[in-house]
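Let's take a quick tour of a protein model and the ligand it holds. Have the 3D view ready and follow along.

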Amino acid sequence: MKPGKRGRIPIVLLRKSYYNPPVASLPIVYASTSGHTEYVVDTLIAFLKERLPSLVIGKKCVELATATDLDGDFLILASSTWNTGGPEGQLNPHMYAFVYGPGKDVVLKGKKVAVIGLGDARYYYTCRAAEHLEKYVKDHGGTVVAMMKIINEPYGQEAKVRAWGEKLLEILGNGEGNRIRIGIRDGSDR
Ligand SMILES: Cc1cc2nc3c(=O)[nH]c(=O)nc-3n(C[C@H](O)[C@H](O)[C@H](O)COP(=O)(O)O)c2cc1C
């Protein structure tokens, strides 16, 4: 070995593995009754897949979700707002059933979570699902790093969803996400 080379770290190799994680996963668990929330989720997924094809996105309807569906490098929870149980401004009943059912004992410690809420301006307590999801995440030890509210029909609000998706990529790229940030910094993923 030439003098000075001993013990040197192969910087190029290190960078390659740092910027290319084996898997980067993004679970999305959503509740949708007439399809509005699902439409927003699908619009977001299409945007993210376009920008980051290697990202593994797990879309799960909350009625079928179990606690393990919240596992992953990052998490998105999405729900419309309902008047479940009487008063306005509640979670969609399916999301409500999940957070007090299979999701009741979930530990989100250290988990970065983005939440999406949908609602309608005709209700006094508009789009409160977002705050309910935020509380759920905090109560379970997680951190909400982004929130989006879609008020009224989502059709025609696609640009807002994509702009939020852009913000999400920035958040992940700034290291606020866990391993996903590594993939995003890799120019080959763009
Ligand atoms: C029974 C019912 C109750 C609702 N209650 C509220 C409410 O309290 N606050 C609100 O902002 N929107 C409320 N909405 C509006 C929905 O949140 C909104 O239409 C949403 O886009 C539906 O999304 P989804 O099709 O994904 O369930 C209610 C809708 C229904 C059908």
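Start with the shell around the ligand: its largest share, 3 residues, comes from strand 3. Keep in mind that this is a predicted model. From the ligand we'll move on to strand 5, which also helps to build that shell.

**Around the ligand**
- Count them up and you get 20 residues surrounding the ligand.
- The closest are S32, T37, S80, E88 and G119.
- Helix 2 (36-51), strand 3 (75-82) and strand 5 (112-119) each give at least two residues to the shell.
- Sorted by class, the shell has 13 polar, 5 nonpolar and 2 charged residues.

**Strand 5 up close**
- This strand is mostly covered, with 8 of its 8 residues buried.
- In a regular strand, side chains alternate between the two faces of the sheet.
- Here, K112, A114, I116 and L118 point one way, while V113, V115, G117 and G119 point the other way.
- Whichever way they point, all of these residues are buried.

**Who sits beside strand 5?**
- Strand 3 and strand 5 run parallel and are joined by 6 bridges.
- Look for A78, whose bridge partner in strand 5 is I116.
- Strand 6 (residues 143-151) also runs parallel to strand 5, and 8 bridges join the two.
- Here you can spot A114 standing opposite A146 in strand 6.

**How the chain gets from strand 5 to strand 6**
- Strand 5, helix 4 (residues 129-139) and strand 6 form a β-α-β unit.
- Which hand does this unit have, right or left? It is right-handed.

Technical notes. Residues numbered from 1 in each chain as written. Predicted model: local features only at pLDDT ≥ 70, side-chain atom pairs only at ≥ 80, totals over all residues. Near = placed C-beta within 6 Å. Helix = DSSP H or I, 4+ residues; strand = E, 2+ residues; numbered from the N terminus. Nonpolar A, V, L, I, M, F, W, Y, C, P; charged D, E, K, R; others polar. Buried ≥ 20, exposed ≤ 12 C-beta atoms within 10 Å, placed from the backbone. Pairing = 2+ DSSP bridges. Right-handed = clockwise from strand over helix to strand, strands pointing away.
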